[in-house]
Amino acid sequence: MPFSQYIKHRMPWLFIAAVVSVLLVADYFHDPEQTSWSPKCVMLQLTGYKCPGCGIQRFAYHAMHGDMSRAIHYNFFAALLMPYLLLLLSGELLPSGRWQRYVREHFATRWFGLLYISLYFIWWVLRNVWGL
């Protein structure tokens, strides 16, 4: 596949990777707990219940600074989610080949999608019922 087709085919993924990279760099230098411009969870403000993504910015900040125990305190589910998302992203961004086929055949399946959605809702309930 020529380079121009490679870029065109993966443009949405490259855009997502670029946006996430910029956000991670900004998050690395600015503690979300100390800055007033960090977005706040709308669901938490409206209902008083934490959404599954609550604390993900603080998770990323502390994980990037090597404090995994504190990061997991803010969002345990993110500790499970991030490696999986990086795996899927690597399968999309890397050139076609054995790795991409392996990721698509084993991890980008309907079974994994259903497992993720199930764990997502279980996490949502557990964090609000038991205060996790």
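## Largest pocket

In this predicted model, the lining of the largest pocket comprises 27 nonpolar, seven polar and six charged residues. The pocket encloses a volume of about 1,200 Å³. Its lining consists of 40 residues, and those nearest the centre are Asp-27, Ile-56, Gln-57, Ala-60 and Met-82. Two or more lining residues come from each of helix 1 (3-29), helix 3, helix 4 (68-74) and helix 5. Helix 1 provides the largest share, with nine residues.

## Second largest pocket

The second largest pocket holds about 160 Å³ of space. Phe-77, Leu-80, Leu-81, Tyr-84, Phe-107, Phe-112, Leu-115, Tyr-116 and Leu-119 form its lining. Helix 5 and helix 7 (110-129) are the elements that contribute two or more residues to this lining. By class, the lining contains nine nonpolar residues, with no polar and no charged ones.

## Helix 5

Helix 5 covers residues 76-93; because a helix rises 1.5 Å a residue, its 18 residues should span 26 Å, and the 27 Å between its end C-alpha atoms agrees with this. At the N-terminal end, Asn-75 acts as a cap, with a side-chain oxygen placed 3.1 Å from the backbone nitrogen of Phe-77.

The buried residues of helix 5 are Phe-77, Ala-78, Leu-81, Tyr-84, Leu-87, Leu-89, Ser-90, Gly-91, Glu-92 and Leu-93. Among them, Phe-77, Leu-81 and Tyr-84 also line the second largest pocket.

## Helix 3

In helix 3 (residues 56-64), the buried residues are Phe-59, Ala-60, Tyr-61 and His-62. Just after this helix, Gly-66 adopts a positive phi of about 85°.

Notes: Residues numbered from 1 in each chain as written. Predicted model: local features only at pLDDT ≥ 70, side-chain atom pairs only at ≥ 80, totals over all residues. Heavy atoms only, no water. Helix = DSSP H or I, 4+ residues; strand = E, 2+ residues; numbered from the N terminus. Expected span 1.5 Å × (residues − 1). Buried < 20%, exposed > 50% of the residue type's maximum accessible area, 1.4 Å probe, protein only. Polar contact = N/O pair within 3.5 Å; in protein donor to acceptor, adjacent residues only side chain to side chain. 1 Å grid on protein atoms, 1.4 Å probe; cavity = no way out; pocket = protein on both sides within 12 Å on 5 of 7 lines; lining within 4 Å. Points joined across faces, edges and corners; volume = space filled by probe spheres on them. Nonpolar A, V, L, I, M, F, W, Y, C, P; charged D, E, K, R; others polar.
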